[in-house]
Amino acid sequence: MSVLTRDEAQTRAQLLDVQHYEVDLDLTTGDDLFHSRSHIRFTARTAGDTFVELKPETLHSALLDGEPLDTTTLEENRLPLRLTEGEHVLQISTTMRYSRTGEGMHRFTDPTDGESYVYTQLFMEDVQRVFAAFDQPDLKAVFELSVTAPEGWTVLANGITAQQPDGSWKAAPTPPLSTYFVCVAAGPWHTVRTEHAGLPFGIHCRRSLAPHLDADADEILTVTKACYDRFHEKFDEPYPFDSYDQAFVPEFNAGAMENPGLVTFRDEFVFRSAVTVTERQTRAMVIAHEMAHMWFGDLVTLRWWDDIWLNESFAEYMGYQTVNEACADLFPDTWVDFGVTRKAWGYEADQRPSTHPVAPDPEAVPDTASALLNFDGISYAKGASALRQLVTWLGEKDFLAGINIHFKRHRFGNATLADFIDNLAAATDRDVHAWADQWLRTTGVDTLTPRLEGEGTRWQLHVDRDGSRPHRVEAGVYDRQPDGELTRRERLSLDIPQQAPAELTGPRPALVVLNDGDLTYAKLRFDGASEESVLRGLSRIPDPLTRAVIWNAMRDMVRDGDLAPADYLEFALAHLTEETELALVQGVLSFARTQIADRYVTEDERPAALSTIRQIARALLRRTEDGEAPGLRLTAVRALIDSATTPDQIASWLDEGTVHGGPELDPELRWRILARLAVLGATDETTIAAELERDTSAAGQEGAARCRASLPDPEAKATAWSALFDSDDLSNYLFTATAQGFWQPEQTALVSAYVPRFYEAAVALGDRRGPAMAEAAGRYAFPSYAIDPESLSLGERHLNDDTMIPALHRKLVDQLDDLRRALRVREA
């Protein structure tokens, strides 16, 4: 397939003005194929040659101004067009193929009730799988969609839809949109509707999830309305579309997609089992993130994919900030979760060979294949962190003033980084251009370390910076009280680099925490006295955000080889058992379990690491026996299951259907226990099949696939490998579940022969099934527990394979860097 280059897009944008699409889809033609017709009105500013993109199963006809085009000239995904100056009409009729990979028009049949659903995910260049289009973000047009669907289905789209007398569905014309925003979701949806601010709001899911959506409908709609109102307080431009629908769709590759008027979410956000308040908060943040896109991305869209941060960084920042402001009664301390989870994602991405500036040079994003690689921790978490620092430095009033200038100047159009910086600069006397060069055009993470000089009651606070960016931070100065609590004496606002050291009076503080409010993006270290205070008294610091900053610093120290993994676990045992902030408990336990126990300690040290994690979890269970903290208890139960090294206790929970003292086992916990029993060799196919009969849902199918691949049996591994790489029958979710089960730290000897087979198999899979499945193979099917120099050398040799598609290559670069880091940590 030919990928679109930046130069080609610029040339076509100069040639064409695209005004209008009429798209007609027929979804009644079977389970594999659908019919698609495009009617495109556009103007050629001069005579010239160009092309329209499409990826059909069959191209039936193509007419340009009523004259037939030679359909045999379609080469890969491009149909050439020779244009005269003036107005044109292009009509194309095709048969298209449904996807099972979450790209294009994805089709899913629910195993619970046999009902089928389809939805589009047209990001980057997948609109071509659904209808013919001039597929680039700066050729916006009005879209009118008509859909013929099976009887009993409801059709959702970007605009309000209505069923016609002939049974088909028609959507209201959209405002000008980029092609990748067009969305259709069709099926026998379960729907909850309301109205807010004069607009229809709706939430939708497949019928088998109806009771679970109904149980959470009030919360979802409350969050949606609160965020909508808060954005209207921030932004001068009103919400620009005619309705607001949110569809929770099956087997969705991303967390969500910001289609104007019809946001699609992965339907795991319709919780069918118990979840923690932090997981509900994540759902609220994603709702706010996608709504922010209605302005950042949908109303004003990037011109080319080098500016993807203008979409994602802003939506990420606004998602957390808006939930923090508008939903504080439901979800306090939203930025704690950002600090301990999302920010860590950014730090990790920024220390890999694949890092890139938040706003990369245009030459670094020459085509759509390279652009796809930038949807990562840099464009989301680091970019959001940079914006939080910008707001701190600029002030929110001026920041929002610049944002509103940006919206006004570019509404329903396209904009670049230069446009955005100019618009911010129009609202302030600060040098925003210099700030952007220092923050958005550079890579890497600065490290900040405090240094105290003085004696008696007069001290000077110096900040040593390893890096080049300016930072405005708050430094927390803490004293230890007689009862051991560390209380903040004062919080100093510092500009780094410092013109002069900060002056402190009083006794030498027990602890100095730079970036105390987590307002900048930098790794932290401690002076000697502060490090001792942290090790002794982290749990005695009242502010959870400060504790998050410190936990992140300790995590970084482990990853950098400055703190032994076993010492981190002992530190967690001392302080996490007293932690009250659930996001911190979840984040620290996740790092301890998936990174330290599974990768950073040796095979001989792993039993001790798992034992310490179990000690932490048991202590948390004892703390929650009164039922006052169900989320904390659920987190502890999950950790105990995942860290079990013998089957007896968790097997008894499964047999009895409950954890002693609660909770009752819901489907998620039952499959979690069974997966761990499979790893330990304490279950079999008969038990897995019985559990699948008990839970026939799509999640049950995935749970069974994960368990079967986890069995420590050569035949089970061979069957799983064949399903992953020898056929293309697995959907994206079933592929992921199978891959998650295949590699286990306890089974490295059993699967060692598959390590060298992975690379050729993954390359072939990517070539056959495309970037989404290649990325899944690199993420989930990579032999991440083969941590030895030979595995690293093997992988590095395969990076030279020039047949590897970019999505897989990027994932393997990251995985091999993680493997390299794990080896360094072990050696340190």
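A search of the whole structure finds 67 salt bridges, a salt bridge being a side-chain nitrogen of Lys or Arg within 4 Å of a carboxyl oxygen of Asp or Glu. The model is predicted, so local features need pLDDT of at least 70 and side-chain atom pairs count only at pLDDT 80 or more, while totals for chains, interfaces and linings use all residues. Residues are numbered from 1 along each chain as its sequence is written, and side-chain values use heavy atoms, with hydrogens and water left out.

I shall begin with the charged pairs. Side chains of opposite charge can pair when their charged atoms come close. In one such pair, glutamate 325 meets arginine 230 at 2.7 Å, N to O. Glutamate 325 lies in helix α4 and arginine 230 in helix α2, residues 210-234, so this pair ties together parts that are 95 residues apart in sequence. Helices here are DSSP runs of H or I with at least four residues, strands are runs of E with at least two, and both are numbered from the N terminus.

How exposed are these two partners? Glutamate 325 is partly exposed at 26% relative accessible area, and arginine 230 is also partly exposed, at 23%. For these terms, buried means under 20% relative accessible area, exposed means over 50%, and partly exposed lies in between, with a 1.4 Å probe and protein chains only.

A second pair joins glutamate 685 to arginine 708, where the closest N and O atoms are 2.9 Å apart. Because glutamate 685 belongs to helix α19 (residues 685-694) and arginine 708 to helix α20 (residues 698-710), the bridge ties together parts 23 residues apart in sequence. Glutamate 685 counts as partly exposed at 37%, as does arginine 708 at 30%. Shared partners also create a network of salt bridges, which joins Arg230, Glu233, Lys234, Glu325 and Glu396.

The third pair is aspartate 126 with arginine 129, again with closest N and O atoms 2.9 Å apart. Aspartate 126 is buried, at 10% relative accessible area, whereas arginine 129 is partly exposed at 24%.

I turn now to the backbone. Which peptide bonds are cis? One runs from isoleucine 496 to proline 497, with omega near 10 degrees. Proline 497 sits in the loop between β25 (486-496) and β26 (502-505). Another cis bond joins glycine 662 and proline 663, where omega is about 10 degrees, and proline 663 is in the loop between α17 (648-656) and α18 (667-679).

Two aspartates have positive phi values. For aspartate 333, phi is near 60 degrees, and the residue is placed in the loop between α4 (309-326) and α5 (334-350). For aspartate 518, phi is about 55 degrees, in the loop between β27 (511-513) and β28 (523-524). Is each of these side by side with solvent or buried? Aspartate 333 is partly exposed at 34% relative accessibility, while aspartate 518 is buried at 5%.I close with leucine 461, in strand β23 (residues 458-466). Leucine 461 is buried, with a relative accessible area of 0%. What does leucine 461 touch, not counting residues up to four places away in sequence? Its contacts, meaning heavy atoms within 4.5 Å, include Pro450, Leu452, Ala475, Leu492, Leu494, Gln498 and Val512. The C-alpha atoms of leucine 461 and glutamine 498 are separated by 9.9 Å, and the two residues are 37 residues apart along the chain.
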